[in-house]
Amino acid sequence: MDRIRIVGGQRLNGTIPISGAKNATLPLMIASLLTDQPLVLENVPRLADVIQLQRILGNHGVDVMINGKRPGDDPNAGRTITLSARTIVDTTAPYELVSKMRASFWVVAPLLARMGEAKVSLPGGCAIGTRPVDLLIMALEKLGAEIEIDAGYVIARARNGLRGGEIVFPKVTVGGTHTALMAAVLAKGTTVIDNAAREPEVTDVADCLNKMGAKIAGAGTSRIVVEGVARLNGARHSVLPDRIETGTYAMAVAMTGGDVLLQNTRPDLLQSALDVLEQTGVTVTPTNEGIRVARNGAGISAVDVTTQPFPGFPTDLQAQFMALMTKAKGTSRITETIFENRFMHVQELSRLGARIKLSGDTATIEGVERLKGAPVMATDLRASVSLVIAGLAAEGETMVNRVYHLDRGFEKLEEKLAACGAAIERISE
Ligand code: UD1
């Protein structure tokens, strides 16, 4: 199993190209199930999750073609993939495939909307809490689906097609909103989604669906209105920049000091996180090319953070921010409101010398002068990268084990950091 070796203490200077967003790519790929015409996606990141989803979609009959590179193409540009779901050959998503990636459960909505039936394995628990799908099922029921749960599978039927309805989410759910959208676009009549997730990835998916002929208004607000249409067409869509990758590298620069241009990304995708970083003493400058992040000389100030749905501080940057706070001057409190059990990184950060106390949903971090390298273990995607950030500023060697989590969500992580002066390498075994 691959490991990542880091020798801390180098400042980061240079340019980091930001990839297309994983969390938009996955639902966009799933949206290809809604049409028998090709969907072309540009700026697709090279990630293990994308490859896994290709397999899952292939099982339903989707033909996935990855366009080759031409001489002279930018080596950092994302890939273009063409997905053609001309015929759906199977409406079942089996346990073996769904259990490897939670988001693959979302195929339930387009399969149901287009084929009138879907049988999809329940994703099961995962490392960051129970993560149920009750609200996704509720949304489908509101659109007229009959749902049965049998032997670990959700069996959804709508023999006469879905019909528009009113969906009010009792809590903000990204997956629930994607599900509601993908079901409603082909339903008869109007659907209103209230308390919808406002995450930029939801807006990106809605934009793509509208290019495919859907009639969606209000994406990006908490009330989305969908007029169902009889069928959707193919389209071409470029995936928006990854705000979590952007924020992760911004925090890495904050941690080590230095000056880095995060290229091909936009500040509006993560304004709350950038505001927090500025409070810690980092200079954030939007430019035509992206976002410049710099910290020179001054130390890191302690800032309290509470995770919130967009536009609040994202839960997917919580672990990375905690890594940064381990070296702050003073004490900070981080409250996690989205997921229970999303503090697995605390123990591993402590191995590097961090002083963190946990009480319920709040971590109290007492900044220390120095971290010291150690072997650590990655437990989930965002936790893993927080260990990398801490390792970049720790004295001596940090070895991050179980890096397959990183490959699920971060494209060319060690290459991007090494290009800015980090002493980081992958050790393949
Ligand atoms: C997505 C993101 C993930 C991010 C999360 C929150 C993708 C592929 N993943 O995950 O990176 O951390 O949004 O921004 O886009 N909930 C229920 N019942 C449900 C569904 C959700 O109670 O049926 C709860 C969850 O347990 C959680 C909260 O709602 O407490 C938010 O979860 P949700 O927004 O649905 O997360 P995901 O879509 O799974």
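Two strands pair here if DSSP finds at least two bridges between them. Keep that in mind as you click through this predicted model.

**Stop 1: an edge strand and its partner.** Select residues 63-66, which is β4, together with strand β5, residues 79-84. Four bridges join this couple, and the strands run antiparallel. For one of the contacts, pick Ile66: its bridge partner in β5 is Ile81.

**Stop 2: the whole sheet.** Now add β3 and β14 to the selection. You should have an open sheet of four strands, ordered β4-β5-β3-β14, with mixed pairing. β4 and β14 stand at the edges with a single partner strand each, so one side of each has no neighbour in the sheet. Look along the sheet for the twist, which averages 20° from one strand to the next.

**Stop 3: the helices on the sheet.** Select residues 22-31, helix α1, which packs on the sheet and touches β3, β5 and β14. Its direction makes about 170° with that of β3. Then bring up helix α7, residues 200-211, which also packs on the sheet, touching β3 and β14. The direction of α7 makes about 160° with that of β14.

**Stop 4: β14 up close.** Zoom in on residues 235-238. Which residues make up the covered face of β14? They are Ala235 and His237, while Arg236 and Ser238 form the uncovered face. In a regular strand the side chains alternate between the two faces of the sheet. Next door, strand β3 (residues 39-44) pairs with β14 in the parallel sense over four bridges. Click Val40 and you'll find that its bridge partner in β14 is Arg236.

**Stop 5: around β25.** Jump to residues 397-401, strand β25. Strand β1, residues 3-7, pairs with β25 in the antiparallel sense over four bridges, and Val7 has Glu397 as its bridge partner there. Strand β23 (residues 375-377) pairs with β25 too, in the parallel sense over three bridges. Select Pro375 to see it standing opposite Met399 in β25.

**Stop 6: a few side chains.** Show Lys119 and Tyr153: the charged end of the lysine sits over the tyrosine ring, 5.0 Å from its centre. As for aromatic pairs, a search of the whole structure finds one.

**Last stop: cysteines.** Is Cys208 buried or exposed? Buried, because its relative accessibility is 0%, below the 20% cut-off. Cys420 counts as buried as well, at 3% relative accessibility. If you're hunting for disulfides, the structure holds zero.

Conventions. Residues numbered from 1 in each chain as written. Predicted model: local features only at pLDDT ≥ 70, side-chain atom pairs only at ≥ 80, totals over all residues. Heavy atoms only, no water. Disulfide = S-S within 2.5 Å. Buried < 20%, exposed > 50% of the residue type's maximum accessible area, 1.4 Å probe, protein only. Phe/Tyr/Trp six-rings, centres within 6.5 Å; stacked < 30°, edge-to-face > 60°. Lys NZ or Arg CZ within 6 Å of the ring centre and 35° of its normal. Helix = DSSP H or I, 4+ residues; strand = E, 2+ residues; numbered from the N terminus. Axes fitted to C-alpha atoms, helices over the stretch in contact; angles between N-to-C directions. Contact = heavy atoms within 4.5 Å.
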